[in-house]
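Me: I have a model open and want to go through part of it. Can you help me read it?

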Amino acid sequence: MLELSVRSELEPIAEKVKTGERLSREDGIVLMRTSDLLGLGALADQVRRRKVGDYVYFINNAHINYSNVCTSLCRLCAFGKAEGDQGAYLMSLDEIEERATGFAAYGITELHIVGGLHPRLPLSYYEEMLRRSAAALPGVHIQAFTA
């Protein structure tokens, strides 16, 4: 199937993958820039099968974005708003808890909590948000405060 899937600039890399040869930096750049997503997926699947067989693992996650108010307003971010801007929001702790409780029905294994750098939220808000989320979803991994 790999031979049928890879018909692009990935062909030389496909040969290396097939033989187990280590890829070069240049190969990595080709992989990052390719538009042949089916070929790229076929190569990745071949490596996965070689390394771990036919096992795959999934994280069933959900997101809570507690606020989009942010003091940084990074140029690359389309999420953040200045406090008072149209569309700016801040979830209450009760809203966050209600949202987390609702995710239990979906059997999530990870809760991702992210938001802007809000200028007025005390540490106690974040602590309580984590406490309530963990209580609403026992055994669920909480991944929080990442960029």
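Me: What phi does Gly20 take, just after H2?
Reply: Gly20 takes a positive phi of about 80°. First, some background. This is a predicted model, where local features need pLDDT of at least 70, side-chain atom pairs count only at pLDDT 80 or more, and totals for chains, interfaces and linings use all residues. Residues are numbered from 1 along each chain as its sequence is written, and side-chain values use heavy atoms, with hydrogens and water left out.

Me: Ok. Which residues of H2 are buried?
Reply: Ile13, Ala14 and Val17. Buried means under 20% relative accessible area, exposed over 50%, partly exposed in between (1.4 Å probe, protein chains only).

Me: Why are they on the same side of H2?
Reply: Because they cover an arc of only 105° around the axis. The arc is that of the directions from the helix axis to the C-beta atoms.

Me: And which exposed residues are on the face turned away?
Reply: Pro12 and Thr19.

Me: What covers the buried residues of H2?
Reply: The cover includes helix H3 (25-33) and H4.

Me: At what angle do H2 and H4 pack?
Reply: About 10°, with their axes 10 Å apart. H2 and H4 are therefore roughly parallel (angles under 35 degrees count as that, over 145 as roughly antiparallel, 65 to 115 as roughly perpendicular and the rest as oblique).

Me: New topic. Is Arg50 buried or partly exposed?
Reply: Partly exposed, because its relative accessibility is 45%. Arg50 is in helix H4.

Me: What is Arg50 in contact with?
Reply: Val17, Lys18 and Gly20, leaving aside neighbours within four places in sequence. Contact means heavy atoms within 4.5 Å.

Terms used: Axes fitted to C-alpha atoms, helices over the stretch in contact; angles between N-to-C directions. Helix = DSSP H or I, 4+ residues; strand = E, 2+ residues; numbered from the N terminus.
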